[in-house]
Each structure stands twice: as structure tokens, then as C-alpha cells.
Amino acid sequence: MKNYSLLLLLLVIATACSQPKPSADAIAPEFVTEQTTHDTDDPAIWVNPDNITQSLIIGTDKDTDGALYVFDLQGKIVHKTETLKRPNNVDVAYGLMLNDSVSVDIAVATERERDMIRVFSLPDMTAIDNGGIPVFVGDEQRLPMGISLYSRKDSLGRNEIFAVVSRKDGPATGYLHQYKLSADATGNVAGELVRAFGQYSGVKEIEAVAVDNELGYIYYSDEQSGVRKYYADPEKGNEELAVFGTSGFKSDNEGISIYKTGDTTGYILVSNQDNHSFKVFPREGTAGNPHNHVEIVDIPVKATQSDGSDVVNLNFGEPFTAGIFVAMSDDQTFHYYDWRKFQAEIDRAQSQP
């Protein structure tokens, strides 16, 4: 038994020593958040419309005894929700109509061990979902993981919000489900399934999902296979528009976020998880083909084994005057980066012949 214990200890040490570390030239964060209790996984940025410097970062702490943590822009914990059973991913959206005259910003997270998504009002983080919205009902494979929110205007100019949800495992087609979120007469939010869509390679799993509201696209990471692209509007159908990022990842392609430099331009960032870096692709594609996303650069960061990220291009004040990029790190924290450092790496790569 003693020899077995020693061998096990040596194996653990060898495994830890063999894990690659961030490179010496990796971009350092401006702030690192206070630690969560268990296991960070995915962040979302809420922009405070009244005072942008009071914006918030919402992050998941992924455990049976987990929660959503809310941080300020210096990484201090300002709130923690009720206990959630393995909250996996989270996203935010603005202006969900509760009735004809009242709207609310929301944070929506997957609660994996209850097969539900959870809806919280912002910035108070009050649950407004009557205990949760069941997802993948009737399917053998449920266990929700990734989530991203798509917003559009209806014929009367009112905001409509949809949740796009992925899961731990699923079929080769119809892996993701999309739900229209709406409030009942009591103000509780429910979800209506509007479509099942999305190809799956079967190689590993699908977790990271991101939506480009302005251009109307959904991107998701089919891990170790590539990034898949679809229309976000369910009325436009389920045609797969592109698969990119199919090579050059050390192992998993993970968290996706979108930095916008104009109405149609910007960057798609995808976590190269085991390399502790983010690959950057052009949001607009190439000339004549908006679905041809060719890698620009792979940017190393100090965040390790990053599952999830989010980015916003607004001026939050120093040191985030060109925007803030937030990445999960596997030391129970989230890292806040000055976008200008990312832009410098992109500009350097694009200036090379």
C-alpha cells in the first residue's frame, strides 16, 4: 500500500510538472479577481447604463455547491447568488420585457445538475424564473453546459431575447436548442423551444457558445474539431455557414468572445485552452466571403486553461479605455485584460508580410 501511495504521489507530481505554463511573453492581466470557492468556468460582462465604471462581471463557480459570483471592475466580489447545482456558463442581455412598460437586464446561466437554465435580473441578481426553466426536455442527453443570448426586435420594435443552449453530450444533429424567453403575468420568465439545430462531430463535447447580435450569427466550439457558425435568427434556418479553427489548437478549442471595431468588423477570439492563449480570427471574414475566418494570431495570456471569456469594446476608464477582455483561469479566478494589449499583438501580426 505504501509503494502504491508513493507511485500515485509521483504520478501526480509528474503530471503537474508536465503541464505547460504560460509563455514568458504572455499578456498579464490588469486585475485578477478574488477567488471563488470551487471552480471558475465562464464570465459575462454587464455594462451599467447609468455609470459604466460601475459595470459588473458575472462569473460561474462550477460545483454541486456552486453559485454565480458578481465582481466589480477591480475584481472584488460584490455579490454571490443562492446555491446553484453546477452552474456552467453564463451570459447577459439587455431589455427583457416583463410587461408592456417594464424591462429588465438579465443574466442567464446553465444549472447542469438540474437540467435547467436560470434567469436573474441585473444588477440585483434576483431570480425571476420561478425556480428554473427546464431544457432538453424529453431527450436522453440533457446536462446543459454552454449558453449565449441572442436579441432582436419584433415587428413592433420590442426586444425579443433567445437563449441558445448546448449540453454535455448530444446527437450528431440538433445538439443545441434555442429558447425564446418571455415573462408571464406574474413577471416570471419562461422559455419556449423554437428550434433544435447544430452539427456535432462526436469527438468530445460542445460547451462554448457566442452570439454576434449585430451580424446575426451563432458560433460554437465543437471541441477538438473546430468552430461552427450558424444564423442566430431561427427563422433563417439551420444551414451551417462555416467551420473554421480546425487546426493549430494544442487540444481543446474552448471559450468564444467577439470584439467589435465597427458595424461589421472586429475579431472572434477562441481559447486555445491547453496553450494558455487565444486565437484571433476576423469577424468579417475575407473579401467576398464573410464566412471565411482565417487565423490572424495566437495571443498568449497569463490565464491558465481558460474555458470561457467575454469582451466589450467600450471605454470603461483606465486601464480599460479601449475595452475589457475577461478570461477564466483555472486557479479559481477571472483575469481582466486591457484590450489595447491584445490590439497591439493583432496589429503586429497583421503588419508582417
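Select strand 8, residues 116-122: 7 of its 7 residues are buried, so "mostly covered" fits the strand under the cut-off of 20% relative accessible area. This is a predicted model, and the tour starts at this strand.

**Stop 1: strand 8 and its partners**

Show the side chains of strand 8. Met 116, Arg 118, Phe 120 and Leu 122 lie on one side, and they are buried. Ile 117, Val 119 and Ser 121 lie on the other, and they are buried too. Both faces of the strand are covered.

Now add strand 7, residues 103-111. Strand 7 and strand 8 pair in the antiparallel sense over 7 bridges. Pick Ala 109 to see one pairing: its bridge partner in strand 8 is Arg 118. The two strands form a hairpin with 4 residues between them. Go to the turn and select Asp 115, which has a positive phi of about 55 degrees.

Next, add strand 9, residues 126-127. Strand 8 pairs with strand 9 in the antiparallel sense over 2 bridges. Ser 121 has Thr 126 of strand 9 as its bridge partner. This is a hairpin as well, with 3 residues between the strands. Met 125 sits in the turn and has a positive phi of about 60 degrees.

Then add strand 10, residues 133-134. Its pairing with strand 8 is antiparallel, over 2 bridges. Met 116 stands opposite Pro 134 here.

**Stop 2: Ile 106**

Stay on strand 7 and select Ile 106. Its relative accessibility is 0%, so Ile 106 counts as buried. What does Ile 106 touch, leaving out residues up to four places away in sequence? From strand 8, residues 116-122, select Val 119, Phe 120 and Leu 122. The other contacts are Asp 91, Val 92, Ala 93, Leu 96, Ile 128, Leu 149, Ile 161 and Leu 181.

Keep Ile 106 selected and add Arg 228 for the jump to the next stop. The two are 122 residues apart in sequence and 26 Å apart in space, C-alpha to C-alpha.

**Stop 3: the sheet 15-16-17-18**

Select strands 15 to 18. These 4 strands form an open sheet in the order 15-16-17-18, with antiparallel pairing. Strand 15 (206-212) and strand 18 (242-244) are the edges; each has a single partner strand, so one side of each is left without a neighbour in the sheet. From one strand to the next, the twist averages 20 degrees.

Is strand 15 covered or open? It is mostly covered, with 7 of its 7 residues buried. Strand 15 and strand 16 run antiparallel and are joined by 5 bridges. Click Val 211: its bridge partner in strand 16 is Ile 218. The hairpin of these strands has 4 residues between them, and Gly 216 takes a positive phi near 80 degrees.

Move on to strand 16 (residues 217-222) and strand 17 (residues 226-231), which are antiparallel and joined by 6 bridges. Ser 221 stands opposite Val 227 in strand 17.

**Stop 4: the sheet 19-20-21-22**

Switch to strands 19 to 22. Here, too, 4 strands form an open sheet, in the order 19-20-21-22, and the pairing is antiparallel. Strand 19 and strand 22 (297-300) are the edge strands, each pairing on one side only. On average, neighbouring strands are turned by 25 degrees against each other, direction ignored.

Zoom in on strand 21 (residues 277-282). It pairs with strand 22 in the antiparallel sense over 4 bridges. Val 280 has Val 297 of strand 22 as its bridge partner.

**Stop 5: the largest pocket**

Turn on a surface. The largest pocket has a volume of about 760 Å³. It is lined by 35 residues; to find the centre, select Val 211, Lys 260, Asp 310, Val 311 and Val 312, the closest to it. Strand 2 (40-46), strand 6 (87-97), strand 11 (144-153), strand 15, strand 19 (253-260) and strand 23 (309-312) each give two or more residues to the lining. Colour the lining by class: 20 nonpolar, 9 polar and 6 charged residues.

**Stop 6: the second largest pocket**

The second largest pocket holds about 250 Å³ of space. Of its 14 lining residues, Met 97, Arg 158, Asn 159, Ser 182 and Ala 183 are the closest to the centre. Which strand gives the largest share of the lining? Strand 13 does, with 4 residues. Strand 6, strand 12 (159-167) and strand 13 (173-183) each supply at least two. By class, the lining divides into 6 nonpolar, 3 polar and 5 charged residues.

Methods:
Residues are numbered from 1 along each chain as its sequence is written. This is a predicted model: local features need pLDDT of at least 70, side-chain atom pairs count only at pLDDT 80 or more; totals for chains, interfaces and linings use all residues. Side-chain values use heavy atoms; hydrogens and water are left out. Two strands pair if DSSP finds at least two bridges between them. Axes are lines fitted to C-alpha atoms, for helices over the stretch in contact, and angles run from 0 to 180 degrees between N-to-C directions. Buried means under 20% relative accessible area, exposed over 50%, partly exposed in between (1.4 Å probe, protein chains only). Contact means heavy atoms within 4.5 Å. On a 1 Å grid over the protein atoms alone, a cavity is a set of points where a 1.4 Å probe fits but cannot get out, and a pocket is an open set with protein on both sides within 12 Å along at least five of seven lines; lining residues have an atom within 4 Å of a point. Grid points are joined across faces, edges and corners, and a volume is the space filled by probe spheres set on the points. Ala, Val, Leu, Ile, Met, Phe, Trp, Tyr, Cys and Pro count as nonpolar, Asp, Glu, Lys and Arg as charged, and the others, Gly among them, as polar.
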